[in-house]
Amino acid sequence: MSALDAVRRRQSWSKVTPEAPTREELLPLVAAAGRVADHSSLRPWRLIELRGEDRERLGSAIAEATGDSSPSSKPLRASLLIAVVASYRHSDKVPRWEQEAVASGVAHVLSLLLDEAGWGVIWRTGGYTRTAAVARAHGLGPDEELLGWLYVGGKPGKTPGRRTPVDAEAVLSRMPAARTDGDAAPAQDPGKAEGCGKKAKKKAKKAAKKAKKRAEKRRKAEKAERRLRKAEKPS
Ligand SMILES: Cc1cc2nc3c(=O)[nH]c(=O)nc-3n(C[C@H](O)[C@H](O)[C@H](O)COP(=O)(O)O)c2cc1C
């Protein structure tokens with residue numbers, strides 16, 4: 001199967017059957033996923049397999065983080081969870097966000113390879129993902145952070161619904177036209193875009209409005225996460 005076909009066919013499986021790949025089956029896929037672009041080859045990531053009772057320990061850590069009296073059953077939704085860890089390396093050249101991008105790339109590629117190998121996968125997180133209790137349960141170091149878990153299992157008979165197809169025309173644009181008055185052009189200036197027809201201008205305006213809303217939502221979520229992490233910091 002070509003990479004294009006594999007990517008087009010991949011989809012997340014929120015429900016999976018109890019079968020799971022063995023460690024031996026996982027190893028070549030992990031090695032291949034590690035081939036993602038990696039600035040300065042820092043390898044700023046690692047993975048943790050959670051099987052059997054490990055998932056119950058994670059359930060207890062989630063309960064500790066959320067203040068629930070009984071362990072969370074969420075980790076029991078698949079018999080294999082792969083925790084994705086960003087392991088930040090000291091570098092004057094490669095900031096943390098670039099290192100997190102590498103770890104995220106590994107998770108995406110591994111999901112794709114598992115899917116292509118016939119396994120059902122879904123990447124999950126939760127408000128508790130970066131809490132101290134959950135970090136402790138995974139044995140994370142001070143320079144490590146979780147990016148969530150790949151839940152892996154067998155693909156059940158019923159295929160999950162597919163996401164709306166990506167409108168490539170809407171997301172692939174050109175830089176805004178250069179301005180001659182010395183002022184920096186605004187990040188989104190759809191009305192002045194070079195060679196835009198009326199329809200394209202309207203579409204670009206709508207996309208800019210949507211992007212603004214998304215950015216606002218993201219800012220709010222980041223603020224909430226910072227607050228949560230501050231509250232979770234061991235004193
Ligand atoms: C970092 C990250 C975290 C995610 N966390 C969750 C989650 O906690 N729960 C969930 O239902 N989907 C989560 N998703 C989305 C699913 O993994 C999946 O992409 C989504 O359901 C769309 O399905 P598709 O991949 O088939 O298009 C997350 C995705 C990413 C990349």
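Two strands count as paired if DSSP finds at least two bridges between them. With that in mind, welcome to this predicted model, where β2 and strand β4 (residues 144–154) pair in the antiparallel sense over eight bridges.

## The sheet

That pair belongs to an open sheet of four strands, which run in the order β1-β2-β4-β3 with antiparallel pairing. β1 and β3 stand at the edges with a single partner strand each, so one side of each has no neighbour in the sheet. On average, neighbouring strands of this sheet are turned by 25 degrees against each other, direction ignored. As general background, strands of a sheet pair through backbone hydrogen bonds, either parallel or antiparallel.

Here are the pairings side by side, each with one pair of residues that stand opposite each other.

| Strands | Sense and bridges | Opposite residues |
|---|---|---|
| β1 (residues 45–51) and β2 | antiparallel, seven bridges | Leu-47 and Val-84 |
| β2 and β4 (residues 144–154) | antiparallel, eight bridges | Ala-83 and Trp-149 |
| β3 and β4 | antiparallel, six bridges | Arg-124 and Trp-149 |

Trp-149 in β4 is a handy landmark: Ala-83 stands opposite Trp-149, and so does Arg-124.

Why is strand β2 (residues 80–87) described as largely enclosed by the rest of the structure? A residue is buried if 20 or more other C-beta atoms lie within 10 Å of its own. Seven of the eight residues of β2 are buried, so the strand is largely enclosed.

## Around the ligand

Next, take a look at the ligand. The residues around the ligand are Gln-11, Ser-12, Ile-122, Trp-123, Arg-124, Thr-125, Gly-126, Gly-148 and Arg-163. By type, this shell divides into two nonpolar, five polar and two charged residues. Strand β3 (residues 119–124) gives the most to the shell, with three residues.

## Helices and a loop

Two packed helices are described by the angle between their axes and the distance between the axes. The axes of helix α2 (residues 23–33) and helix α4 (residues 96–116) come within 9 Å and cross at roughly 135 degrees. The two helices are therefore oblique to each other, and α2 passes α4 in a right-handed crossing.

Finally, find Ser-14 in the loop between α1 (3–9) and α2. Is Ser-14 buried or exposed? A residue counts as exposed if 12 or fewer other C-beta atoms lie within 10 Å of its own. Ser-14 has 11 other C-beta atoms within 10 Å, so Ser-14 is exposed. Ser-14 and Tyr-151 are 137 residues apart along the chain, and their C-alpha atoms are separated by 8.3 Å.

Terms used: Residues are numbered from 1 along each chain as its sequence is written. This is a predicted model: local features need pLDDT of at least 70, side-chain atom pairs count only at pLDDT 80 or more; totals for chains, interfaces and linings use all residues. A residue is near a molecule or strand if its C-beta atom, placed from the backbone, lies within 6 Å of it. Ala, Val, Leu, Ile, Met, Phe, Trp, Tyr, Cys and Pro count as nonpolar, Asp, Glu, Lys and Arg as charged, and the others, Gly among them, as polar. Axes are lines fitted to C-alpha atoms, for helices over the stretch in contact, and angles run from 0 to 180 degrees between N-to-C directions. Angles under 35 degrees count as roughly parallel, over 145 as roughly antiparallel, 65 to 115 as roughly perpendicular and the rest as oblique. A crossing is left-handed if the near helix is turned anticlockwise from the far one by less than a right angle, and right-handed if clockwise.
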